[in-house]
There are 2 protein chains.
Amino acid sequence: MTKTPDSVVRSYLDQHQAAFLADLADWLRIPSVSADPDRAQDVRRSAEWLAAKLRETGFPVAEVWETDGLPAVFAEWPSGEPGAPTVLVYGHHDVQPAAKEDGWDTEPFEPVTVGDRLYARGAADDKGQVFFHTLGLRAHLAATGRTAPAVNLKLLVEGEEESGSPNFGALLRREADRLAADAVFVSDTGMWNETTPTVCTGMRGITDCQVDLYGPDSDIHSGSFGGAVPNPATVAAELAAALHDAERRVDIPGFYDDVIELTERERELFARLPFDEEQWLRVAKSHGTQGEAGYSTLERIWARPTAEVNGVWGGYTGPGRKTIVPAEAHLKLSFRLVAGQRVEKIQQLVREWIEARIPAGVRSEIVFKGASRPCLTPLDHPALQSTVRAMGRAFGQEILFTREGGSGPAADLAEVLGAPVLFLGISVPSDGWHSINEKVEIGLLRKGVEASAYLWGDLAEHFRPAAADAN
Amino acid sequence: MTKTPDSVVRSYLDQHQAAFLADLADWLRIPSVSADPDRAQDVRRSAEWLAAKLRETGFPVAEVWETDGLPAVFAEWPSGEPGAPTVLVYGHHDVQPAAKEDGWDTEPFEPVTVGDRLYARGAADDKGQVFFHTLGLRAHLAATGRTAPAVNLKLLVEGEEESGSPNFGALLRREADRLAADAVFVSDTGMWNETTPTVCTGMRGITDCQVDLYGPDSDIHSGSFGGAVPNPATVAAELAAALHDAERRVDIPGFYDDVIELTERERELFARLPFDEEQWLRVAKSHGTQGEAGYSTLERIWARPTAEVNGVWGGYTGPGRKTIVPAEAHLKLSFRLVAGQRVEKIQQLVREWIEARIPAGVRSEIVFKGASRPCLTPLDHPALQSTVRAMGRAFGQEILFTREGGSGPAADLAEVLGAPVLFLGISVPSDGWHSINEKVEIGLLRKGVEASAYLWGDLAEHFRPAAADAN
């Protein structure tokens, strides 16, 4: 067999896989549950464990970064090559809560291998997917004979992702100089399924608000007054109902103005994914589909902005009847955003649209709670093409594309750092994120290591950002 | 001064008013709070007190009627005149809860006279208005020289009105034969105000339902699924919003089909009431009016059917955000009905209308909770004209007309007995029903006595129902 660079990587992985899995298991034994104050020391221990392991891997810099909450880990390994791109890998070392009593078959913080699966809390989300970069990087060096990576490599592994990243934005702004990068790689996502390797090209953003509607000063008698005064519960309903037109498009003027539309190429590629609507409905626990006319289910959840009523309440909600015009009613609305849409503009459009629809006699308060930006990397972006090539070499298969319908801090990271976001992940829907019996497929974990081993060289060759920093 | 029949009545009242007020005060001292189980013996004592007082007044029959709850009082005094109409007076002897700590200036069950006002719980609602018939009847006999009333007079005074009359329907059906009447007079309402005596000609009915909407089997992630599955909170909002068209008419096909429209005469008479919208809004605690196009505020609350959202809930209602597609959402809807509309038909229309609007993937349950029929007595009805003449003689003023926007057992009483409902009341909005410092205006109470004294003779002369029972 010819000794291709890829076969060198594979041989290297064959030699080191057992030790890699043993190390990962050590890390998984640390119950770094960020949501549990009693586990704060475990989260710190997890950060210190990772920083030490990254130094052992060869990173000349690997630090525990303090925040106002739980610590993150930062590591850096300059390429030494003039003009090499700088890449920041993002992940997290904290995990969701887990206890055997929740219904796990095994102890969640005692990793167990069954066949080709490694069971433990954090196996897929996200320790396994952070950790594959360590072996990938060593394979990259071994296969290329380099003493430093082909790109300027940085890692940022936060410790509060499962708690909503409350201190992440502040950390990014504080350390923006050291985090500067030409591209951000998020290793905290997955693929379509075990047999369909994919690369995610973007996430939806989100902005949400609470709308408080005040009518009469107290609940009033619907016999004495009903039919002659405005009812804030009706106003709430009319607002929520008016969010969509008959085609289930969001009916707020200007809402779609800046949307980057799906290209024909993306729609063709999405359509090639083996999508089974029956199965998707079972996962969704829904009994039917409904959405914007002219788009498939996948397009609706990945590439189209939405308006959703997350909660509504007002008036009498107890048993029996109470015939009142309620004093107040409330809506929690959220809007998933796609690339092109700006959070601030959408908030403004929503606010103006709501305010224009409040009848005389009803007072409204609109408070926007939080927001995450959308992100999207075009199919022809050179860093995305490098990712696809690296994944293709690892899997020996055509790589298709997905997007992520949810929202996360990744896009904010891109925004603060002014860099495109890419996704490199090998988790699959059956991995049980946030659920019992979380696992990672060891075969896929190895594909992640391998893709990581190929990625940095490919990027160094093909991704030469104009503003590349040569540090 | 000529000794007219009316001056005889007034002299009689002058002589007996003090004793009448002293008796009423005795009754008001009995805290017949039907909602308080600890007061059950007081409600019984109130019933026994009234039955004894009615026997003392001259009623040959005055009985405490047991129910599955608290007792009612029935009394009967046949006219002895062949062909005399039979009239049933309805009122209640139970009262709303009251305690000095609620903010009363005086002890609620220790009647106090201040100027021309008698303060006590039940002074207006409804003991004062039941009791004025005792003196009225004696004045009627004194002025006419009769030994029995000119009509066959029956009284039914229930003991659970303030608790929703849970056993009243069963009592009516059980005693339908003894309650048979040609007209029902409800003495449990009021007039426009102190200087504008009015007669109420009808009440709105009501039917209400709860609509339960079920979408996904649990709350699901709005990022992963939002925009592609139906949201039951949105369905609830769309139902509630679709209840009204842009003119604020109820937009359910057939809803208005059987409505007895206001006559031009009624509209003219309503328009002559001294209605002050600013003041009405203060009482309503509302900050604006809104209602069916083409109708005044009074017409909207008295003579037009409505659809009202009494409550709505679904999804996340706590602090912060939870970006979900909710599993379920719920609506409490009520419909005020006007004469002509039938409860059963409206329930059927509402049910069909809702069911036709539920999208695939959402399941609905619709449960109608309760209902009261509407009632209306036309302006030219002879019993209504007798009422107006009796009130006119008492007040020496033109009598205008109102209706009642609320709903109550009166219309059901009319339905079970197959008799028209009329209203004879002298309470005014300032009397503080269900509120602190309830009072009755002694001057108006006397007008009620006087109207009662004139009514039976006028009815005997002018109201000769075809099916009159001569017992």
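Helix 1 of chain A passes helix 3 of chain A in a right-handed crossing, and I should say straight away that this is a predicted model. Two packed helices are described by the angle between their axes and the distance between the axes. Here, the axes of helix 1, residues 5-28, and helix 3, residues 127-144, come within 9 Å of each other and cross at roughly 145°.

If you look at who makes that contact, helix 1 of chain A contributes, among others, A:Val8, A:Tyr12, A:Phe20 and A:Trp27, while from helix 3 of chain A the residues include A:Lys127, A:Phe131, A:Leu135 and A:Ala139. Sorted by class, the residues of this contact comprise 14 nonpolar, 2 polar and 1 charged.

Let me now turn to the two chains together, where 69 residues of chain A are in contact with 69 residues of chain B. Several elements of chain A give two or more residues to its side of that interface, including strand 9 (205-214), helix 6 (232-242), helix 9 (297-303) and strand 13 (328-337). Which element gives the most to the side of chain A that touches chain B? It is strand 11 of chain A, with 9 residues. By class, the chain A side that touches chain B has 24 nonpolar, 31 polar and 14 charged residues.

Please stay with strand 11 for a moment, since strand 11 of chain A is joined by 5 bridges to strand 11 of chain B, residues 306-315, and the two run antiparallel. Within this pairing, A:Trp313 has B:Trp313 as its bridge partner in strand 11 of chain B.

Methods. Residues numbered from 1 in each chain as written. Chains lettered and ligands numbered in written order. Predicted model: local features only at pLDDT ≥ 70, side-chain atom pairs only at ≥ 80, totals over all residues. Contact = placed C-beta atoms within 7 Å. Helix = DSSP H or I, 4+ residues; strand = E, 2+ residues; numbered from the N terminus. Nonpolar A, V, L, I, M, F, W, Y, C, P; charged D, E, K, R; others polar. Pairing = 2+ DSSP bridges. Axes fitted to C-alpha atoms, helices over the stretch in contact; angles between N-to-C directions. Left-handed = near helix turned anticlockwise from the far one by under 90°.
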